Amino acid sequence: MKTVSPFLELEDTPRVEVMFCDEALSLPQGGNLAAALLAAGVGVFRHTPVSGAPRGPFCMMGACFDCLVEIDGVVRQACMIEVTEGLQIKMPHQTEAKDETA
Ligand code: FES
């Protein structure tokens with residue numbers, strides 16, 4: 001799932017730990033969550049509920065909804081969220097997608 005990221009951080013900011021799909025990630029505190037996940041090598045944020053096609057951030061300004069993630073049980077746009085300590089992030093509809101393949 002992870003690839004080498006083409007994104008580089010411009011400054012040395014404090015890092016905090018978050019969980020993405022049961023994987024611990026160290027992200028820059030206060031950074032844009034979508035950008036930070038991309039920089040950490042996460043390219044797929046969710047799968048579409050109908051076809052299961054992978055989706056990741058596209059517009060980075062709250063318009064496309066391709067960056068949807070589930071944070072603490074609430075589905076939100078990752079490009080509109082700041083990185084804070086202890087975020088529990090999952091792919092939305094993760095349970096439903098597993099049920100469809102069973
Ligand atoms: S990347 Fe388009 S809404 Fe977040």
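A residue counts as buried under 20% relative accessible area, as exposed over 50%, and as partly exposed in between. Phe65, with a relative accessible area of 41%, is therefore partly exposed. That classification recurs below, and it applies here to a predicted model.

The chain has 102 residues, and buried residues make up 34% of them. About 6,300 Å² of the chain is exposed, with carbon and sulfur atoms supplying 55% of that area. The average pLDDT over the chain is 87, and 80% of the residues score at least 70. Residues 96-102 have a pLDDT below 50, and this stretch makes 2 contacts in the model beyond near neighbours in sequence.

The secondary structure consists of 2 helices and 7 strands. Along the sequence these elements follow the pattern β-β-α-β-β-β-β-β-α. As for contacts between residues at least 6 apart in sequence, 43% of them join residues at least 24 apart.

The sheet comes next. Five strands form an open sheet in the order β2-β1-β7-β5-β6, and the pairing is mixed. Its edge strands are β2 and β6, each of which pairs on one side only. On average, neighbouring strands of this sheet are turned by 40 degrees against each other, with direction ignored. In general, strands of a sheet pair through backbone hydrogen bonds, in either a parallel or an antiparallel sense.

Strand β5, residues 68-71, can be followed through its pairings on either side. With β6, residues 74-77, it runs antiparallel, and 4 bridges join the two. One residue pair in this arrangement is Val69, whose bridge partner in β6 is Arg76. The hairpin of β5 and β6 has 2 residues between the strands, and in it Asp72 takes a positive phi near 50 degrees. The pairing of β5 with β7, residues 88-90, is also antiparallel and extends over 2 bridges. Here Ile71 has Ile89 of β7 as its bridge partner.

Which residues lie on each side of β5, and are they buried or exposed? Leu68 and Glu70 are on one side, Val69 and Ile71 are on the other, and all of them are buried, so both faces of the strand are covered. The side chains of a regular strand alternate between the two faces of the sheet.

Glu70, within β5, deserves a separate look. Its relative accessibility is 17%, so Glu70 counts as buried. Apart from neighbours within four places in sequence, Glu70 is in contact with Val75, Gln88, Ile89, Lys90 and Pro92.

At the edge strand β2, which spans residues 23-28, the residue to consider is Leu25. Leu25 counts as buried because its relative accessibility is 5%. The C-alpha atom of Leu25 is separated by 10.0 Å from that of Gly41, a residue 16 places away along the chain.

Arg46 belongs to strand β3, residues 46-47. Arg46 has a relative accessibility of 11% and therefore counts as buried. What does Arg46 touch, not counting residues up to four places away in sequence? The residues it touches are Ala53, Pro54, Arg55, Phe65, Asp66, Leu68, Met91 and Pro92. Leu68, one of these, is also one of the buried residues of β5. As for Phe65, its backbone oxygen lies 3.4 Å from a polar atom of the Arg46 side chain.

Phe65 itself lies in the loop between β4 and β5. Phe65 has a phi near 65 degrees, a positive value in a residue other than glycine. The loop between β4, residues 54-55, and β5 also holds Met60. Met60 is not a glycine either, yet its phi is positive at about 60 degrees. With a relative accessibility of 33%, Met60 counts as partly exposed because that value falls between the 20% and 50% limits.

Definitions and conventions:
Residues are numbered from 1 along each chain as its sequence is written. Side-chain values use heavy atoms; hydrogens and water are left out. Buried means under 20% relative accessible area, exposed over 50%, partly exposed in between (1.4 Å probe, protein chains only). Two strands pair if DSSP finds at least two bridges between them. pLDDT is the predictor's confidence in each residue, from 0 to 100. Contact means heavy atoms within 4.5 Å. A polar contact is a pair of N or O atoms within 3.5 Å; within protein, one must be able to donate a hydrogen and the other to accept it, and residues adjacent in sequence count only if both atoms are side-chain atoms. Accessible areas come from the Shrake-Rupley method with a 1.4 Å probe; for residues, only the protein chains shown count as cover. Axes are lines fitted to C-alpha atoms, for helices over the stretch in contact, and angles run from 0 to 180 degrees between N-to-C directions.
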